[in-house]
Amino acid sequence: MNDKRILILDDNNVTRDVIKRNLSTSGYQLYTAGNFDLAKEILHEIKPELVITDLKMPDISGLDVITFITEHFKNTEIIVVTGYPTIDSAVDAVKLGADDYITKPFTDVELASAVKKALAKQANKQEFAREIETGYGEKFGMIGNSDKMQEVFRTIKKASEINSTVLITGESGTGKELVARANHYSGFRAAAPFVPINCGAIPETLLESELFGYVKGAFTGAYTTREGFFQSANRGTIFLDEISETSIMMQIKLLRVIQEKEVYMVGSNQPHKVDIRIIVASNKDLYELVELNKFREDLFYRLNVLTINIPPLRERGTDILILANHFAHKYADEFNKTVPTFSDEVLGIFSNYNWPGNVRELENLVHRLVIMNECGKIRKADLPDFMKSKISSLSDIKRTLREVEVEHIKNVLEYTGNNKSKAAKILHIDRKTLNNKLNPDN
Ligand SMILES: Nc1ncnc2c1ncn2[C@@H]1O[C@H](COP(=O)(O)OP(=O)(O)OP(=O)(O)O)[C@@H](O)[C@H]1O
Ligand SMILES: [Mg+2]
C-alpha cells in the first residue's frame, strides 16, 4: 500500500489519463484536474506530496502554477511535463522551484522514475524539516543544540532550497563533510549521486582527468575514453574537499565549469554540459590565501555565494557533552558494553578543553575510553595526561604569572604522582625552590 498523494494537472484529458494509467499500478492515490481552479481546491484539501503539471495550459501558465505551489505548499514536490522541443522553459520551471521535468513523449519508465525520485526527495525534505524543528540533526549523524549549530542547520536548509555553490569552512574535524552530505540529501538532488573528492589527496597531474574525464589517446595510457567525476555525478552533487590544495591552473578550470556549466574532457575541445551542484570545503582561510596570491580571487567570489561556517567544537557549549554521550552510546552499542557515564570532573575538563581536532578528536577519545572502560564510569584518571593538565580555558588569559606557575607545578606534581624529586627534575629547579614556590609564606 502506498499512501502518497499525487495530483495531475493538465488541460489535455488524454495526457491526464496516460499519466494516471501509468502510475495507477504503483498504488499511489491519484487525483486529476483539468484546470487550475480545480487544482487549487484539491491542493488545499489533500495537500499532495507531488504535483505533476503541464507547462502550457489555456487558463494559466505552468510557471505560475509552480510559483503558487512553492509559495503555499512547501512540502509538495513538482514535476513539470513539457512538450516543447527546447528545454528552456523547463529550465525556467526548475529555477522557479519545480523539482524535475519530463519531456513529451515520455515512456512509462521515465515517468515512474521521475515520480519515485521526487517522492524520495519529498520524504527526505520532510524528515530534515522535522529534525531542524526538534533541533536534533540525527538523520545525517549531526548533533547540535547550540545556537551556532542551529544556525548551521538553518543555513543548510536555506542552501537546500537553492541551487547555488556552497562553501563550507571550518577547522579540521568540525564536520565539513557531514554538512556537505546534509546539503545534498536535503535538497532536490538527493536521489542523484553525492561524489566527494579530496583535492589534496589526488596528485595535480591526475586531478584534471579524474574530475573531467579523458578521451582515448589524450595521453600515454589513455587507451579508452573515460568519464570523470563531473559526468558521473551528473544531476547530483560534487563535493570538492580541501579546495585550497588545487593549483592555480585547476582553479581557472573550475571557475569555467561553475560559470559555463560545462566541462572539457582531457584531450578534447568539445564541451560537455553538466547539471551539477558544487559544494567545496576548506579548513584554510581562502580569503587569506587570496591575499597571498595562492587562491584565485575570481574563483573565491564565485564560491563565496553561500558560506556555511562550522564553529569549532570549543565554541559549542553543552553540545560537547551531548556529543560525548552520543559517542559513548554509539561505541558501547558497537562493542556490546554498558554505556559508561562521565564523572563531573571529566565533563568539566571536556567543557574547558580546546579540542584542536574538534568533533573527530572527541569521537576518537570517547571511542578509546569506551574500549578501555571496565567499571561503567569514566573518571579524570582515565583521560590522557595532556588533557588533565592542559590549560585551555579562555579565563586563563586573565591569570597572573604567579597563579600560572603554581598551577603548572601542581599539574606536574599530579603527573608524577606527587613525587617532588621527579617534579623538580621536570621543572629544572631543585626541591627547595619547588617547596618555596608552593608555599611562599614559609
Ligand atoms: N555535529 C556532529 N554530530 C555528530 N558527529 C559529528 C558531528 N560533526 C562531525 N561529526 C563526526 O566527526 C567526524 C569528522 O567529521 P567530518 O569528516 O565531516 O569533518 P571534516 O570537517 O570534514 O574534517 P577534515 O577537515 O579533517 O576533513 C566524523 O566521524 C563525523 O561523523
Ligand atoms: Mg573532511
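Hi everyone, let me open with a question: does glutamate 171 count as buried, partly exposed or exposed, and at what relative accessibility? Glutamate 171 counts as partly exposed, at 28% relative accessibility. Please keep in mind that this is a predicted model.

Let's stay with glutamate 171 for a moment. Its side chain meets that of arginine 314 in a salt bridge, 2.6 Å from N to O. That pair links distant parts of the chain, 143 residues apart: glutamate 171 sits in the loop between β6 (166-169) and α7, while arginine 314 sits in the loop between β14 and α13. Arginine 314 is partly exposed too, with a relative accessible area of 33%.

Next, a pair with glutamate 315. Here the partner is lysine 148, and the two side chains form a salt bridge of 2.9 Å, N to O. Lysine 148 belongs to helix α6 (residues 147-161), glutamate 315 to the loop between β14 (306-309) and α13, and 167 residues separate them. As for accessibility, lysine 148 is partly exposed at 40%, and glutamate 315 is partly exposed at 41%.

My third pair is glutamate 345 with lysine 380, at 3.9 Å from N to O. Glutamate 345 is in helix α14 (residues 344-352) and lysine 380 is in the loop between β16 (377-378) and α16 (385-389), so this salt bridge ties together parts 35 residues apart in sequence. The partners fall into separate classes: glutamate 345 is partly exposed at 49%, whereas lysine 380 counts as buried at 18%, because the cut-off for buried is under 20%.

How many salt bridges does the structure hold? There are 18. Some of them share partners, joining Asp100, Arg189, Arg235 and Asp275 into one network.

Now, on to the second largest pocket. Where does it lie? Both domain 2 (147-309) and domain 3 (314-389) give residues to its lining, so the pocket lies between those domains. The space inside is about 550 Å³.

Its lining is made of 25 residues, and those nearest the centre are Gly173, Thr174, Gly175, Lys176 and Arg360. By type, the lining has nine nonpolar, eight polar and eight charged residues. Three helices, α7 (176-185), α13 (319-334) and α15 (358-372), each supply at least two of the lining residues.

If you have the structure open, try starting at Lys176 and Arg360, two of the residues nearest the pocket's centre, and then find the salt bridge between arginine 314 and glutamate 171. Thanks for listening!

Methods: Residues numbered from 1 in each chain as written. Chains lettered and ligands numbered in written order. Predicted model: local features only at pLDDT ≥ 70, side-chain atom pairs only at ≥ 80, totals over all residues. Heavy atoms only, no water. 1 Å grid on protein atoms, 1.4 Å probe; cavity = no way out; pocket = protein on both sides within 12 Å on 5 of 7 lines; lining within 4 Å. Points joined across faces, edges and corners; volume = space filled by probe spheres on them. Helix = DSSP H or I, 4+ residues; strand = E, 2+ residues; numbered from the N terminus. Nonpolar A, V, L, I, M, F, W, Y, C, P; charged D, E, K, R; others polar. Domains from an automatic or database assignment. Salt bridge = Lys/Arg side-chain N within 4 Å of Asp/Glu carboxyl O. Buried < 20%, exposed > 50% of the residue type's maximum accessible area, 1.4 Å probe, protein only.
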